[in-house]
Amino acid sequence: MYQEPITIPGNDKSARNVTMLVYALQALSFFFGITLFVAIIINYVKRDDIRNTWLESHFRWQIRTFWFSLLWSAIGFVTLIFFIGYIILSAGMFWLIYRIAKGWLNLANGKEMYQTF
């Protein structure tokens, strides 16, 4: 059974700003790699604050983006001695760009990342 997310009116703008900050930090990781790690720390620290709000799906999206990016980067670097490592790293980079862009656009439009039915 579908249940509407519970929003906390007083914290909505602040939580939305934190979510936007995490997307910005993820995007900045292309220039300063450490910001991706700062973003995931913020996700885990603020996770309870956004529980049962429409932003919870964004945090789940951001956390999964981090862990899968880390996985694909590790696989890519291990296989760099073969040509396939470059392909994996390139694909991972484009996938990360897609995840950040899609998440940020959905956040700007006030949409959740996942539709629950």
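In this predicted model, helix 3 and helix 4 meet along an extended list of residues. On the helix 3 side these are His 58, Trp 61, Arg 64, Thr 65, Phe 68, Ser 69, Trp 72, Ser 73, Ile 75, Gly 76 and Phe 77, and on the helix 4 side Gly 85, Ile 88, Leu 89, Trp 95, Leu 96, Arg 99, Lys 102, Gly 103, Asn 106 and Leu 107. By class, the residues of this contact divide into 10 nonpolar, eight polar and three charged. The axes of helix 3 and helix 4 come within 8 Å and cross at roughly 170 degrees. Because angles over 145 degrees count as roughly antiparallel, the two helices are roughly antiparallel to each other.

Thr 65 is one of the helix 3 residues in this contact. The residue is buried, with a relative accessible area of 0%. When residues up to four places away in sequence are set aside, Thr 65 touches Gln 26, Trp 95, Leu 96 and Arg 99. Of these partners, Trp 95, Leu 96 and Arg 99 also appear on the helix 4 side of the contact between helix 3 and helix 4. The pair Thr 65 and Trp 95 is separated by 30 residues in sequence, while the C-alpha atoms are 9.0 Å apart in space.

The connection between these two helices includes Thr 79, which is found in the loop between helix 3 and helix 4 (84-108). Thr 79 has a relative accessible area of 16% and is therefore buried, given that buried means under 20%. Beyond four places in sequence, Thr 79 touches Ile 84, Gly 85 and Ile 88. Gly 85 and Ile 88 are also among the helix 4 residues that meet helix 3.

**Helix 2 against helix 3**

Helix 3 (residues 56-78) also packs against helix 2 (residues 34-46), their axes coming within 10 Å and crossing at roughly 140 degrees. That angle makes helix 2 oblique to helix 3. The crossing of this pair is left-handed. From helix 2, the residues in contact are Leu 36, Phe 37, Ile 40, Ile 42, Asn 43, Tyr 44 and Lys 46; from helix 3, they are Phe 59, Gln 62, Ile 63, Phe 66, Trp 67 and Leu 70. This contact of helix 2 with helix 3 has 10 nonpolar, two polar and one charged residues.

**Salt bridges and the loop between helix 2 and helix 3**

Side chains of opposite charge can pair when their charged atoms come close. The structure holds three salt bridges, set out below.

| Salt bridge | Closest N and O atoms |
|---|---|
| Asp 49 with Lys 46 | 3.4 Å |
| Arg 51 with Asp 48 | 2.9 Å |
| Glu 56 with Arg 51 | 3.6 Å |

Asp 48, Arg 51 and Glu 56 are linked in a network. Arg 51 takes part in the bridge with Asp 48 and in the bridge with Glu 56. Asp 48 is exposed, with a relative accessible area of 58%. Arg 51 is partly exposed at 37%, and Glu 56 is partly exposed at 23%. In the bridge between Asp 49 and Lys 46, Asp 49 counts as partly exposed at 44% relative accessibility, and Lys 46 likewise counts as partly exposed, at 33%. Lys 46 is also one of the helix 2 residues that meet helix 3.

Asn 52 lies in the loop between helix 2 and helix 3. Most residues other than glycine have a negative phi. Asn 52, although not a glycine, has a positive phi of about 65 degrees. At 45% relative accessibility, Asn 52 counts as partly exposed.

**The chain as a whole**

The protein chain contains four helices and zero strands, and reads α-α-α-α along the sequence. Of its 117 residues, 34% count as buried; Thr 65 and Thr 79 are among the buried residues. Among contacts between residues at least 6 apart in sequence, 67% join residues at least 24 apart. The contact of Thr 65 with Trp 95 joins residues 30 apart in sequence.

Terms used:
Residues numbered from 1 in each chain as written. Predicted model: local features only at pLDDT ≥ 70, side-chain atom pairs only at ≥ 80, totals over all residues. Heavy atoms only, no water. Axes fitted to C-alpha atoms, helices over the stretch in contact; angles between N-to-C directions. Parallel < 35°, antiparallel > 145°, perpendicular 65-115°, else oblique. Left-handed = near helix turned anticlockwise from the far one by under 90°. Contact = heavy atoms within 4.5 Å. Nonpolar A, V, L, I, M, F, W, Y, C, P; charged D, E, K, R; others polar. Buried < 20%, exposed > 50% of the residue type's maximum accessible area, 1.4 Å probe, protein only. Salt bridge = Lys/Arg side-chain N within 4 Å of Asp/Glu carboxyl O.
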